[in-house]
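User: Could you walk me through the terms used for this structure? I would like to know what stands behind each one.

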Amino acid sequence: MSAPLDSLLDLLDLEQIERDIFRGLSRSAVVPRVFGGQVAAQALVAAGRTVPADRGAHSLHAYFLRAGDPGAPIVYSVDRIRDGKSFTTRRVVAVQHGQPIFHLSASFQTYEDGLEHQADMPAAPDPESLPTAARMLPRYADRFSDPGVVDRLIEARAAVDLRYVDAPPFGTVGEPREPRSQVWFRTNGKLADDPLLHVCMATYVSDMTLLDSVLLAHGRGGWAVGDVVGASLDHAMWFHRPFRADEWLLYDQESPSASGGRGLGQARIYTQDGQLAITVIQEGVVRVPRS
């Protein structure tokens, strides 16, 4: 296991300070706030630790309320909303400096057989044929006003091997494209056989690139280029089938709409053998800076 992945796993291993109260630490992100995927993953860890082990997470719905302070711990308070015969529901509020910064509702279900169908996996190149972030990102160093951005991006993604199928938004600034993007990802090392861990790791990664397709539609490079400012507003995920986050997953993303200073991203995550594992939808603030 790589040292960055080890560090990320430590970040997700929350300290339990009361029956339904947990505390998590943060680390510096590329921007001066807590990375949204970290808060969502930690909140799901907190919820999952209050649920019987035979009930897997099948959905989450969350709102980002305030920017998190990476220099302070986050306290996660879990409400046991319902424990039914098949489904368990939990609500989690993340608090910093006495104020809620994030709210999550998650549902868990015992496994059962049922009807089966899925959308077909789209075409995508073999992930092993694509460059790693460490090889790809330096190509675009001249696009950023801050020369340290590339190193911070590489460091932030060191725990995860994330590979773009096509050029990222900052690679084609000023060239509007189809509002669709694809990345392959997996952790940089093997994970334990804990389904909750794999779900939480996918939740962590899901916030990294989902709004890229919004930027592509308008030829914008993103916050690091400086031609937009933005932040995640809400996030929803549905976990359809078992998967492993330490094996290749295709994140197929698109944006059906942007308006009112907001952009919507929706995506499907497939296993390498074509199983639809996760559906994701997120809306974020996407604003053009005023001159």
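Analyst: Here are a few questions and answers on this model. It is a predicted model, where local features need pLDDT of at least 70 and side-chain atom pairs count only at pLDDT 80 or more, while totals for chains, interfaces and linings use all residues. Residues are numbered from 1 along each chain, and side-chain values use heavy atoms, leaving out hydrogens and water.

User: What makes β8 mostly covered?

Analyst: Buried means under 20% relative accessible area, exposed over 50% and partly exposed in between, with a 1.4 Å probe and protein chains only. In strand β8 (residues 180–187), 6 of the 8 residues are buried.

User: How do you know that β7 and β8 pair?

Analyst: Pairing takes at least two bridges found by DSSP between two strands. Strand β7 (residues 160–164) shares 5 bridges with β8, so the two pair, in the antiparallel sense. One bridge partner of D161 in β8 is R186. On β10 (residues 249–259), 6 antiparallel bridges join that strand to β8, and Q182 has D252 as its partner there.

User: Why are V149, V150 and L153 said to be on the same side of α4?

Analyst: These three are the buried residues named in helix α4 (residues 149–156). They lie on the same side because their arc around the axis is only 100 degrees, taken from the directions from the helix axis to the C-beta atoms. On the other side, D151 and E155 are exposed.

Technical notes
Helices (H or I, at least four residues) and strands (E, at least two) are DSSP runs, numbered from the N terminus.
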